[in-house]
Amino acid sequence: EMRQCREKNARSKISSRRFERALQTRLEGFLKVCDAIEDCHRRGIVHCDLKPENIMLGQNGVVYVMDWGIACPVGTQRTGHVDGTPAYMAPELFQEGVTNPLSDIFALGMILNEIVTLRKHVSGANSQEIIAKIRTGQYEPSTPENPRIRISSALSAIIEKACAPRPA
């Protein structure tokens with residue numbers, strides 16, 4: 001879905017009004033993902049691999065969170081065995097290796113940035129470069145490629161808080 005949005009945005013000049021309508025739809029789906037993850041956190045489970053590729057949109061606005069293969073209970077020690085997709089992994093996972101809901105919230109923030117800007121929040125030539133940037137909070141700006149499109153300050157603040165290099 002995100003790939004399709006990026007491609008569509010790149011092919012045509014989308015007006016800010018049209019962008020906002022499409023963004024509204026994406027945000028409604030994102031809220032459903034947040035509800036699902038919140039439910040899992042209440043049950044003591046951390047997904048550990050949230051990323052756009054693991055979110056599927058079905059008919060009638062149904063949202064599926066996929067790939068629970070590395071999900072684990074809160075507090076699981078994963079030092080030396082950190083699985084996941086580096087561009088969506090919280091900095092503390094690389095240092096402490098202990099899973100908690102905040103690591104999923106970090107991934108949700110990275111996804112939200114992608115939903116809003118239609119580009120990744122962090123990029124690099126390889127996993128090591130991406131991990132280094134995440135550890136130090138060196139993200140791409142939370143602005144759409146199209147300069148005519150503005151993101152609300154409230155939405156930007158949510159992204160910044162969720163993607164903060166330090167969970168506190």
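Among contacts in the protein chain between residues at least 6 apart in sequence, 62% join residues at least 24 apart. The model behind this value is a predicted one. The chain has 168 residues, and buried residues make up 40% of them. Its secondary structure consists of six helices and four strands. Along the sequence these follow the pattern α-α-β-β-β-β-α-α-α-α, with the strands placed between two helices before them and four after them.

The interior is a good place to begin. In soluble globular proteins, nonpolar side chains tend to be buried together. Here the largest nonpolar core holds 33 residues. Within this core, V33, L50, I111, L112 and V116 have the most contacts. At least two residues of the core come from each of α2, β3 (63-65), α3 (91-95), α4, α5 and α6. Helix α4 supplies the largest share of the core, eight residues. One of the core residues with the most contacts, V33, shows how such contacts reach along the chain. Leaving aside residues up to four places away in sequence, V33 touches I55, V63, V65 and L108.

The neighbour of V33 in the sequence is K32, which is placed in helix α2. K32 has a relative accessible area of 39% and is therefore partly exposed. With residues up to four places away in sequence again left out, K32 touches G61 and V63. K32 and V63 are 31 residues apart along the chain, and their C-alpha atoms are separated by 6.6 Å. V63 is thus a contact of K32 and also a contact of V33.

Helix α4 also takes part in an aromatic pair. A pair of aromatic rings is described by the distance of the centres and the angle of the planes. The count for this structure comes to one aromatic pair, formed by F106 and Y139. The centres of the two rings are 6.4 Å apart, the planes stand at 55° to each other, and the pair is classed as tilted. F106 lies in helix α4 and Y139 in the loop between α5 (127-136) and α6, so the pair ties together parts that are 33 residues apart in sequence. F106 counts as buried because its relative accessibility is 1%, and buried means under 20%.

Next come the spaces between the atoms. The second largest pocket has a volume of about 260 Å³. Its lining is made up of 14 residues, and F30, L31, C34, L112 and I158 lie nearest its centre. The elements that give two or more residues to this lining are α2 (16-42), α4 (101-117) and α6 (153-162). Helix α2 gives the most, with seven residues. By class, the lining of this pocket has eleven nonpolar residues, two polar and one charged. L112 appears both among the residues nearest the centre of this pocket and among those with the most contacts inside the largest nonpolar core.

Enclosed spaces are present as well. Three cavities of 30 Å³ or more are found in a search of the whole structure. The largest cavity has a volume of about 70 Å³. Residues that line the largest cavity include C48, D49, L50, Y88 and L93, along with S103, D104 and A107. Helix α4 provides the largest share of this lining, three residues. The lining of the largest cavity divides into seven nonpolar, two polar and two charged residues. L50, one of the residues lining the largest cavity, is also among those with the most contacts in the largest nonpolar core.

Some residues in the loops have a backbone angle worth noting. D67 is not a glycine, yet it has a positive phi of about 55°. D67 sits in the loop between β3 and β4 (72-73), and its relative accessibility of 40% is why D67 counts as partly exposed. L118 is likewise not a glycine and has a positive phi of about 65°. The place of L118 is the loop between α4 and α5. L118 counts as buried, because its relative accessibility is 5%.

A last stop is Q128, which lies in helix α5. Q128 has a relative accessible area of 58% and is therefore exposed. The C-alpha atoms of Q128 and P86 are separated by 8.5 Å, while the two residues are 42 apart along the chain.

Notes. Residues are numbered from 1 along each chain as its sequence is written. This is a predicted model: local features need pLDDT of at least 70, side-chain atom pairs count only at pLDDT 80 or more; totals for chains, interfaces and linings use all residues. Side-chain values use heavy atoms; hydrogens and water are left out. On a 1 Å grid over the protein atoms alone, a cavity is a set of points where a 1.4 Å probe fits but cannot get out, and a pocket is an open set with protein on both sides within 12 Å along at least five of seven lines; lining residues have an atom within 4 Å of a point. Grid points are joined across faces, edges and corners, and a volume is the space filled by probe spheres set on the points. Ala, Val, Leu, Ile, Met, Phe, Trp, Tyr, Cys and Pro count as nonpolar, Asp, Glu, Lys and Arg as charged, and the others, Gly among them, as polar. Rings of Phe, Tyr and Trp (its six-membered ring) pair if their centres lie within 6.5 Å; planes under 30 degrees apart count as stacked, over 60 as edge-to-face and the rest as tilted. Buried means under 20% relative accessible area, exposed over 50%, partly exposed in between (1.4 Å probe, protein chains only). A nonpolar core is a set of buried Ala, Val, Leu, Ile, Met, Phe, Trp, Tyr and Cys residues joined through side-chain atoms within 4.5 Å. Contact means heavy atoms within 4.5 Å.
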